[in-house]
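Thanks for coming, everyone. Let me put the structure up, and then I'll go straight in.

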Amino acid sequence: ECGLDKYINLESNIEFLGKKALQKIKLEGIKRKLMGVKINLKKINLTSELKLVDENRKTIGYLRSAVYSPRFKMIVGIAMINLDYCNDSQNFKININNKEVSGSVCGLPMN
């Protein structure tokens, strides 16, 4: 989900905590993925994860962390996005401080 699978060999003889769970995920496939997000806002007070919804109000993921970016002049962050919505053209709405704001999913690292 976080893209760290390239750093581990699940076929090795080394045993570690969580190996069986990771082998199961590799076999079945992931259901969500860590992606970047850009939110059309200049200020955020993130105290808990926030739900991201599509135009039909269906939950597509959850914002995990976010901060204002002087480079992009908007809020950028990372979110755990359901696999069906992991594309750079995916738009979403998020409710921040009782205000609905739009944003878009992007790859990592952000460009």
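Start with Cys 106. Cys 106 is buried, because its relative accessible area is 10%. Buried here means under 20% relative accessible area, exposed means over 50%, and partly exposed is in between, with a 1.4 Å probe and protein chains only. The closest cysteine sulfur to that of Cys 106 is in Cys 86, 11 Å off, and that is too far for a bond.

A word on what you are seeing. This is a predicted model, where local features need pLDDT of at least 70, side-chain atom pairs count only at pLDDT 80 or more, and totals for chains, interfaces and linings use all residues. Residues are numbered from 1 along each chain as its sequence is written, and side-chain values use heavy atoms, with hydrogens and water left out.

Back to the cysteines. How many disulfides does the structure hold? Zero, with a disulfide taken as a pair of cysteine sulfur atoms within 2.5 Å. Cys 2 is in no disulfide, and its nearest cysteine sulfur, that of Cys 86, is 12 Å away. Cys 2 is partly exposed, at a relative accessible area of 46%.

Now the overall layout. The protein has one helix and six strands. From the N terminus, the order is α-β-β-β-β-β-β. These are DSSP runs numbered from the N terminus: helices are H or I with at least four residues, strands are E with at least two. Along the principal axes, the C-alpha atoms fill a box of roughly 50 × 30 × 25 Å. Of the 111 residues, 32% are buried. The protein exposes about 7,800 Å², and carbon and sulfur atoms supply 52% of that. Areas come from the Shrake-Rupley method with a 1.4 Å probe; for residues, only the protein chains shown count as cover.

Next, contacts, meaning heavy atoms within 4.5 Å. Take those between residues at least 6 apart in sequence: 59% join residues at least 24 apart.

On to the core. A nonpolar core is a set of buried Ala, Val, Leu, Ile, Met, Phe, Trp, Tyr and Cys residues joined through side-chain atoms within 4.5 Å. The largest one has 19 residues, and those with the most contacts inside it include Ile 39, Leu 52, Phe 92 and Ile 94. Which elements give two or more residues to this core? They are strand 1 (32–39), strand 2 (50–53), strand 3 (59–69), strand 4, strand 5 and strand 6 (99–106). Look at Ile 94. Not counting residues up to four places away in sequence, Ile 94 touches Ile 39, Leu 50, Lys 51, Leu 52, Leu 63, Lys 99, Glu 100 and Val 101.

Gln 90 sits in the loop between strand 4 and strand 5. Is Gln 90 buried or exposed? Buried, with a relative accessible area of 11%. Beyond four places in sequence, its contacts include Asp 54, Ile 60 and Tyr 85.

Salt bridges next. The definition is a side-chain nitrogen of Lys or Arg within 4 Å of a carboxyl oxygen of Asp or Glu. The whole structure has four. One joins Glu 100 and Arg 57, at 2.6 Å from N to O. Glu 100 is in strand 6 and Arg 57 in the loop between strand 2 and strand 3, so the pair ties together parts 43 residues apart in sequence. Arg 57 is exposed at 53%, whereas Glu 100 is partly exposed at 44%.

Another joins Glu 11 and Lys 26, at 3.8 Å from N to O. Glu 11 lies in the segment before helix 1 and Lys 26 in helix 1, so this pair links parts 15 residues apart in sequence. Both residues are exposed.

A further one pairs Glu 15 with Lys 19, the closest N and O atoms being 3.8 Å apart. Glu 15 counts as exposed at 60%. Lys 19, in helix 1, counts as buried at 4% relative accessibility. Outside its neighbours within four places, Lys 19 contacts Leu 10, Ser 12, Asn 13 and Ile 14.

Last, the surface. Ile 8, Leu 22, Ile 25, Ile 30 and Leu 83 make a nonpolar patch of about 360 Å². Patch residues have over 30% relative accessible area and no salt bridge; like charges are joined within 9 Å, and nonpolar side chains (Val, Leu, Ile, Met, Phe, Trp, Tyr) within 5 Å. Leu 83 lies in the loop between strand 4 (74–82) and strand 5 (91–96), and is partly exposed at 37%.
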